[in-house]
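Here is a set of questions about how certain labels are earned in a protein model. Each answer sets a computed value against the rule behind the label.

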Amino acid sequence: MMSSKEARSLKVDNRPKYYGREYHGMISREEADQLLSVAEGSYLIRESQRQPGTYTLALRFGNQTRNFRLYRDGKHFVGEKRFESIHDLVTDGLITLYIETKAAEYIAKMTINPIYEHIGYTTLNKEPTLKKHLPVCQEVPDGPAPQGELGDEEKGLTSLVRRATLKDNDHATKYEKVHNFKVHTFRGPHWCEYCANFMWGLIAQGVKCADCGLNVHKQCSKMVPNDCKPDLKHVKKVYSCDLTTLVKAHHSKRPMVVDMCIQEIESRGVQSEGLYRISGFSDLIEDVKLAFDRDGEKADISVNVYEDINIITGALKLYFRDLPIPLITYEAYPRFMEAAKITDPDKRLEAHHEALKLLPPAHCESLCYLMAHLKRVIQNEKDNLMNAENLGIVFGPTLMRAPDLDAMTALNDIRYQRQVVETLIKNEDILF
């Protein structure tokens, strides 16, 4: 960059308010190159002569001037990373250019022999590959599984080593889960937990799994297997949490909300008229939701606290509505819709059976448990006046949502959603 004395003396008209003395107005590439040739790492911003109103960051690196189209949406950026200041953008850029230039061959090879394969839970906690085509989930005991005795020192371990201490046991839930990686800015020096190499850059040096805390390079994240083991310190709520994430974090077979609400409803009897059709008081349903988010399996939903059974049924329905990925997933939705439209009863049943194979195991297990419960509800139709068709109307849009369909198509799907749930309830013993 020009000396501060020269920069201060330079008069530039129409300088955007978010640029400082690095802005040199509408100058050519050649002029920028000449100005920057005095020092490695110098930079300036110029306005495009061909496209007025657009800006270019010119940066001197490796004895040549590099030009980057510069953008701003409240923060400055030339790629994915956003920066508060041009100085930070340039600093991060110089670090990245230096690393990628001087260590290009090393970077290309750093995922070949990852430490993840040797000390990660891929070694100590090998789980059998889930057979996605099986609609019936593997049998595991109800309730939380033993986690082993871990000392206080575990709290200070990295996520990778923490997971290496989670010994495999016969009671752990064998559900596969992908990592939920998010771009992350690490404070201070940080190393990738996949390849053990330094994570470079000023900000957004890598990605962090929001569910288990695994820290890796962005390029390494593509190599990490789908073996996320959510940590409760990262999974801070029950409602609106991904279903598989929740059950893996709590080492349970199904979400606690599903088990506890259904057990509470059945303990009071399923003869209540209009069960699931009649709504409970919304404020009290919200209280149940907050209790689960706050206390987890220790939440008290007994008759002593919530006398009206419709509050418990309402809390269960709300849990399914709040799932970010519906119980009947977006991936499986079209297949279920196709199945519902088949007129031949035997072929329709077989199509539902095939559609169930698309569900993740945790979703399949929860759906199976719910359908068995609703089957017991319709067996008491004489008292509760609820049949499979009525429950289909209630649970159709609760358990499945159209993936990005237009309003008219989504509206037409409602009757098929009802028919899907009705079929699953009536044939629960055959399909699951």
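The questions below concern salt bridges and burial in this predicted model.

Q: Why is the pair K218 and E80 called a salt bridge?
A: The rule asks for a side-chain nitrogen of Lys or Arg within 4 Å of a carboxyl oxygen of Asp or Glu, and the closest N and O atoms of K218 and E80 are 2.5 Å apart, so the pair qualifies. The partners come from distant parts of the chain, K218 lying in helix α8 (residues 218-221) and E80 in the loop between β4 (76-77) and α3 (86-102), 138 residues apart.

Q: What makes E80 exposed, and what class does K218 fall into?
A: Exposed requires over 50% relative accessible area, and E80 reaches 60%, so the term applies to E80. K218 has a relative accessible area of 38%, which lies between the limits of 20% and 50%, and therefore K218 is partly exposed.

Q: How do you know that K177 and D211 meet in a salt bridge?
A: Their N to O distance is 2.8 Å, and because the cut-off is within 4 Å, the pair is counted as a salt bridge. K177 lies in the loop between α7 (159-164) and β5 (181-184), and D211 in the loop between β6 (206-209) and β7 (215-216), so the pair ties together parts that are 34 residues apart in sequence.

Q: Why are K177 and D211 called buried?
A: Buried means under 20% relative accessible area; K177 is at 7% and D211 is at 10%, so each of these residues counts as buried.

Q: What separates E264 and R268 along their helix, and why is their pairing called a salt bridge?
A: These residues are four apart in helix α10 (residues 256-268), which means that about one helical turn separates them. Their side chains meet at 2.9 Å, N to O, and since the rule asks for within 4 Å, the label of salt bridge follows.

Q: Why do E264 and R268 receive different burial labels?
A: The boundary for buried is under 20%: E264, at 15% relative accessibility, counts as buried, whereas R268, at 24%, counts as partly exposed. Elsewhere, R254, D259 and E365 are joined into one network by salt bridges that share partners.

Q: How many salt bridges does this rule give, and what share of the residues counts as buried?
A: The count comes to 16 salt bridges, and of the 432 residues of the protein, 48% count as buried.

Definitions and conventions: Residues are numbered from 1 along each chain as its sequence is written. This is a predicted model: local features need pLDDT of at least 70, side-chain atom pairs count only at pLDDT 80 or more; totals for chains, interfaces and linings use all residues. Side-chain values use heavy atoms; hydrogens and water are left out. Buried means under 20% relative accessible area, exposed over 50%, partly exposed in between (1.4 Å probe, protein chains only). Helices (H or I, at least four residues) and strands (E, at least two) are DSSP runs, numbered from the N terminus.
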